[in-house]
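Reader: I am new to this structure and would like a close look at a single part of it, the place where the chains meet. Please take me through that part with care, and then set it in its surroundings.

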Amino acid sequence: MSSLPLEGIRILDLSMWWSGPMCNSYLGALGAEVIKVESIQFPDGFRYTMAPPGEKDWWELGPQFNAANMNKLGLTLNLNDPEGRELFKDLVAKSDVVVENFSPRVMGNFGLTYEKLQEVNPRIIMVSMPAYGSSGPYRDMPGFAYTFEILSGIAQTNGYEGENPMIISGVGDVIASFHCAYGLLAALEYRAESGKGQHMEIAQSEACANLVGQPIIDASMNNRNWERVGNRHPTIAPQGVYPSKGTDRWVAISVQNDDEWKTFCKVIGRPELANDSRFHTNEGRNQHHNELDQLISSWTIQLDHHESATILQDAGISAGPVLEVDEMENDPFLSGMYQEVSRECTGTHLFPSWPVKFSEARLEHHSPAPTLGQHNDYVLKAILGLSDERIQFLEQNEIIGNQPLGAKISK
Amino acid sequence: MSKQALSGLKVIDLSWHIAGPYCTKLLADLGADVIKIEQPGIGDPSRREGPFPNDQQDLNASGLYAYLNNNKKGITLNLKSKQGSEFVKKLVKEADIVVENFSPRVMEGLGLSYETLIEINPRLIMTSITNFGQTGAFRDRKGTEIVAQAMGGFMSSVGEPNREPLRAGGNLRLLEYISGSFAGMSTLAAVAQRRKTNQGQHVDVSITECGLLQRSYQTVQNSFPTSPAKHVRRYVMMPSIEKCKDGYIGINLLTGKHWQDFCLMTEMYEWIEDERFTTLGQRLIHKDLFRERFDPWLMAHTREEIIELGQQWRVPVNPVPTFTEMLNFPQYEARKFFVEIEHPVMGKVTQPGAPYTMSETPWKIQRPAPLLGEHNSYVYKEVLGLDGEELEQLQAEGVV
């Protein structure tokens with residue numbers, strides 16, 4: 001894109017961990033000026049995740065924080081201090097959007113409810129991302145991806161056949177993040193049309209539950225509960241993940257209809273199976289799936305996972321290697337998704353960019369994650385017009401800063 | 001009637017299955033005017049999938065279809081017929097957005113490539129969702145949910161160590177939904193862009209690449225030499241979701257203090273400071289020993305008992321509701337999250353409601369999903385200006 005779609009939009013990002021930050025990193029990539037607001041009293045907890053305690057500036061070294069906060073500016077402001085709150089309101093007056101994912105009582109405690117922000121800026125869009133919503137008995141319960149996946153029913157569908165439900169390492173944050181970005185862009189579109197801001201609330205658990213319409217309807221209509229089915233599918237058989245040559249290497253295969261089955265038998269060197277009447281229909285293949293799994297494994301185990309997938313694809317059958325983390329960056333297909341991003345204190349790393357091209361140009365990151373308070377000067381001087389003396393005063397009073405207070409006491 | 005956020009946006013929806021229809025559901029539920037085009041006589045394959053009331057198959061009574069296609073108008077049109085692409089072009093002329101999730105060459109084959117369509121309407125945004133993207137050496141590969149999850153690396157974190165990796169979300173097709181929501185937000189990014197340039201764009205979303213966003217931090221983690229933990233292949237916790245006497249329960253130990261309290265709760269007193277168990281990594285190494293003791297404890301307690309014990313000992317314990325239990329789960333009930341939609345064939349259907357509340361422009365369901373070809377008469381006559389005879393002729397020819 002020659003000019004970016006959200007240029008001219010300013011977003012104050014109070015959100016922490018993954019869901020809110022990922023959403024705003026996307027909006028930043030689209031050209032919004034995203035100001036990530038932390039404080040030296042209460043930096044984003046993601047800064048400490050997988051970071052090496054005791055290293056110099058260790059709160060800057062966490063890989064997950066670095067990956068979740070690209071395309072943003074960094075500001076510190078102590079919102080527990082009346083002056084910090086006044087400065088925040090001054091910024092709200094000059095911004096378009098405020099995003100927060102605190103528990104529901106926090107913004108109220110700061111005196112920064114939507115009503116208060118609206119007094120400062122009637123066109124403001126405020127987005128709140130509570131875990132379970134600002135009402136109901138779960139309102140104040142702690143929540144994160146693990147609990148969202150459990151309470152939304154997603155975990156009920158995930159697991160080996162007949163075994164316990166399992167969680168899916170953080171997918172709840174991604175789902176909440178995408179729905180947040182979608183709703184926020186819709187609110188911006190409405191404001192462009194009508195001039196009106198609004199308050200949007202996304203309960204992260206409910207965004208996740210939006211993906212289980214099918215089993216919910218089965219439950220409400222037929223009183224049936226979906227359970228775990230492993231990798232199998234009622235109308236695609238055989239389907240599975242099969243062992244390949246090497247240690248812990250796997251290939252995913254889906255045979256989608258009877259014709260593909262006949263081809264598949266030839267490709268794996270067992271043409272006689274195509275004549276076996278037990279396997280003529282999808283239903284039959286599903287009934288004898290265990291036996292088929294053994295036959296298929298004895299073929300896949302002889303080949304590298306890329307090799308078997310390519311042979312099957314060349315014959316017109318859906319298949320793909322299960323890529324592990326150590327292969328992904330060098331994978332010929334995914335290489336287009338990786339982008340080098342450099343940051344002064346962490347060096348150059350490959351990061352996934354965004355899975356979309358706009359008129360053939362991939363949406364990419366344009367700046368690394370900010371260090372704590374990195375853009376205090378720019379925000380406070382260029383946007384708010386504060387003097388050097390005032391900034392010094394704020395530093396002395398720990399309303400702004402560049403080092404977490406906690407870093408002084410922790411290991 | 002209050003306005004909705006996307007009122008006035010006109011969408012032509014050629015999509016099927018889940019990823020495309022979920023994208024247009026998000027648009028329709030915020031007020032966009034969506035006309036969904038389906039194959040005559042058959043319709044979107046999700047019509048054949050169900051769930052159906054009492055398991056009686058009926059193209060007009062599929063729960064999946066009903067959920068994904070609320071608020072849309074539905075017409076039938078044979079896109080492969082000569083008139084088919086002509087009608088699409090007429091509709092496109094007045095539209096803002098086209099959404100499709102065919103394989104990459106299909107639109108071109110139908111004479112409906114993006115290049116053709118922007119000549120008719122330069123402001124048109126076309127969103128294409130495919131397994132591997134519109135370009136590149138992999139674009140013609142065949143994919144299913146499980147293959148996309150495998151090739152994006154999503155799958156390799158799901159499952160137990162030393163067993164086969166698992167497709168996340170079983171038969172939900174979770175990655176299709178996630179890609180549909182990503183396509184929705186990217187479509188709105190193009191709408192924002194059009195306000196500046198007055199030009200449409202082709203929005204090309206890859207499902208497999210969406211899967212990679214699930215794993216972004218693990219690849220990055222291994223490239224940070226100072227990070228104290230390297231990525232391990234499968235992501236498991238222990239304890240996690242556990243089977244107890246009368247169902248499943250979630251137990252999640254985030255801190256060392258939680259482990260101590262967990263030992264008190266389960267009366268494993270002498271393990272409080274036993275280094276074989278105090279951290280997750282150690283517990284996984286001594287899994288058999290841990291399970292040998294923990295499993296009988298679980299089977300001796302009900303969900304309610306464990307929740308109560310969790311509160312007493314300050315151990316994070318979560319109920320793990322089944323889908324039928326979710327319908328009466330106190331948090332969803334208090335917020336009226338599930339809504340009942342009256343459907344002409346299925347009757348009242350309970351389903352997820354608003355994933356977000358908006359103070360000025362509420363999410364809402366204005367009409368149930370269309371029966372197959374329900375809006376043929378309206379669209380062909382009122383919108384496209386055909387008379388009754390012409391429409392009958394098209395029906396006789398199998399075009400509609």
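Author:

**The contact between the chains**

In the contact, 146 residues come from chain A and 138 residues from chain B. The arrangement described here is that of a predicted model. The size of an interface is often given as the accessible area lost when the parts come together. By that reckoning, chain A and chain B bury about 12600 Å² between them, and 62% of this area lies on carbon and sulfur atoms. Of the area that chain A buries against chain B, 7% is supplied by Tyr160(A), Tyr182(A) and Phe333(A), which is more than any other three residues supply.

To set this contact in its surroundings, it helps to turn to chain A itself. Its secondary structure comes to 17 helices and 13 strands, and its C-alpha trace spans about 85 × 50 × 45 Å along the principal axes. Of the 411 residues in chain A, 62% are buried. Where contacts in chain A join residues at least 6 apart in sequence, 66% of them join residues at least 24 apart. The accessible surface of chain A comes to about 14600 Å², with 48% of it belonging to carbon and sulfur atoms. Chain A carries 31 positive and 53 negative charges, and the mean positions of these two sets are 3 Å apart.

The domain assignment divides chain A into domain 1, made of 10-211 + 337-397, and domain 2, made of 239-322; the C-alpha centres of these two domains of chain A lie 44 Å apart. For chain B, the assignment gives domain 1 as 10-214 + 335-396 and domain 2 as 241-322, and here the centres, taken over C-alpha atoms, are separated by 44 Å.

One residue of chain B can be followed more closely. Val236(B) is placed in the loop between α9 (216-222) and β7 (241-244) of chain B. Its relative accessible area is 18%, and because buried means under 20%, Val236(B) counts as buried. Leaving aside residues up to four places away in sequence, Val236(B) touches Gly159(B), Glu160(B), Pro161(B), Leu280(B) and Leu284(B). Gly153(B), by comparison, stands 83 residues from Val236(B) along the chain, and the C-alpha atoms of Gly153(B) and Val236(B) are separated by 16 Å.

Methods. Residues are numbered from 1 along each chain as its sequence is written. Chains are lettered from A and ligands numbered from 1 in the order in which they are written. This is a predicted model: local features need pLDDT of at least 70, side-chain atom pairs count only at pLDDT 80 or more; totals for chains, interfaces and linings use all residues. Side-chain values use heavy atoms; hydrogens and water are left out. Helices (H or I, at least four residues) and strands (E, at least two) are DSSP runs, numbered from the N terminus. Buried means under 20% relative accessible area, exposed over 50%, partly exposed in between (1.4 Å probe, protein chains only). Contact means heavy atoms within 4.5 Å. Accessible areas come from the Shrake-Rupley method with a 1.4 Å probe; for residues, only the protein chains shown count as cover. Lys and Arg count as positive and Asp and Glu as negative; His and the chain ends are not counted. The place of a charge is taken as NZ of Lys, CZ of Arg, CG of Asp or CD of Glu. Domain bounds come from an automatic or database domain assignment. Buried area is the accessible area (1.4 Å probe) that two parts lose on being put together, summed over both.
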